[in-house]
Amino acid sequence: MPTPHYFSWFSKQWHVIPSSVQTITELNECLGTLEAIIRSRHGSPSTHKNVKANCNIDLVVISHEFTDHCNQKTLREIAKTTPVYATKAAARLISSWRYFHHVYSIATFSDVKHDWKHVSEGGIPSWLSIARIISNKDAMSFHSAILITFDIMSNTEDPSHEGLVYTPHGINADDLKTLAVASPRINVLALLHGLHDIRISRRQLNLGAHNALRAQRISGSRYWLSTHDEVKGAGGLVNHFLRRKIWTIEDVLKEEERRNEKLDIGSPLADIQDINFANLESGESLLLR
């Protein structure tokens, strides 16, 4: 079903490849299966707080207020007791629906002096935090990232701190240098950043593969997962001005090698031996280790 942005005559888009998960009910069933596998391996009982709602979704994180990120019909399929963490504009929009009991604005990473342990509100566990990295050069914070950070207990019983950086439209790679001053220190487990370069006239919507490769090197992520690169059906006025350059990981590595460029941290852009890159299709999954 086409999803309009603002007005259908202005912009609308739809999936060309059907989603492998069509409803929140199906998603909940998938999560329930995963939870059961994990519990059986660790021999632990369920600790869900949302059992009464028969829901395996513990919380929702929204990165942008646009309908392909924040769809009212889809979100209303989720139990209304589920806490929602969203960017300020998205939080205002979701609150106006008067559906969810708890909607929280995601704090900006720099506003809490990079102390991610004390960034989140709403009673989520102390080992988990949700923050947003934004750019001072982007007034609308369109090119921003969601940082989800968590503790992992090691054999020495000292927690190590890992994080996921999700940036569907890309974030200026240099803005991720702020991760180096995080307290406690964060090891980035995965970077979710697309490869495709998408523009409307001169405005770049998705920052593309060259920025993503630099972002991976700066963040030092163990995994790099492509996101928001789906080629969708589109209509409306905006579609006439959209320009998409499709990159593959092989293409961008060859291009960077041709340019013979290096990062200021001294790592060749074409060297990606230690990186686990994945471009997951609909229905595919990857276990992060």
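This passage describes helix α4, its surroundings, the salt bridges of the structure and two residues with positive phi.

The structure is a predicted model, in which local features need pLDDT of at least 70 and side-chain atom pairs count only at pLDDT 80 or more, whereas totals for chains, interfaces and linings use all residues. Residues are numbered from 1 along each chain as its sequence is written, and side-chain values use heavy atoms, with hydrogens and water left out.

Helices (H or I, at least four residues) and strands (E, at least two) are DSSP runs numbered from the N terminus. Helix α4 comprises the 12 residues 208–219, and its end C-alpha atoms are 16 Å apart, in agreement with the 16 Å that the helix should span at 1.5 Å a residue; the expected span is taken as 1.5 Å times one less than the number of residues. Of these 12 residues, 10 are buried, so the helix is largely enclosed by the rest of the structure, where buried means under 20% relative accessible area, exposed over 50% and partly exposed in between (1.4 Å probe, protein chains only). Among the buried residues are G208, A209, N211, A212 and L213. The elements that cover them include the strands β9 (187–193), β10 (197–200), β11 (203–207) and β12 (223–225), together with helix α5 (249–259), contact being defined as heavy atoms within 4.5 Å. The helix is followed by G220, which has a positive phi, near 70°.

Two packed helices are described by the angle between their axes and the distance between the axes. For α4 and α5 the angle is about 80° and the axes are 10 Å apart, which makes α4 roughly perpendicular to α5. Here axes are lines fitted to C-alpha atoms, for helices over the stretch in contact, and angles run from 0 to 180 degrees between N-to-C directions; angles under 35 degrees count as roughly parallel, over 145 as roughly antiparallel, 65 to 115 as roughly perpendicular and the rest as oblique. In this contact A209, H210 and L213 of α4 meet V252, L253, E255, E256 and R259 of α5, and the residues divide into four nonpolar, one polar and three charged.

The structure holds four salt bridges, each being a side-chain nitrogen of Lys or Arg within 4 Å of a carboxyl oxygen of Asp or Glu. One of them joins R222 to E162, with the closest N and O atoms 2.8 Å apart; because R222 lies in the loop between α4 and β12 and E162 in strand β8 (residues 159–167), the pair ties together parts that are 60 residues apart in sequence. R222 is partly exposed at 34% relative accessibility, whereas E162, at 13%, is buried. Helix α4 itself takes part through R214, which forms a salt bridge with D174 at 3.0 Å between the closest N and O atoms, so that the helix is tied to the loop between β8 and β9, 40 residues apart in sequence. D174 also meets K177 in a salt bridge (3.5 Å, N to O), and these shared partners join D174, K177 and R214 into one network.

Positive phi values also occur in residues other than glycine, including R98, near 55°, and H228, near 65°. R98 is found in the loop between α3 (88–96) and β5 (103–105) and is exposed, at 77% relative accessibility. H228 is found in the loop between β12 and β13 (233–235) and is partly exposed, at 24%.

Terms used
Nonpolar A, V, L, I, M, F, W, Y, C, P; charged D, E, K, R; others polar.
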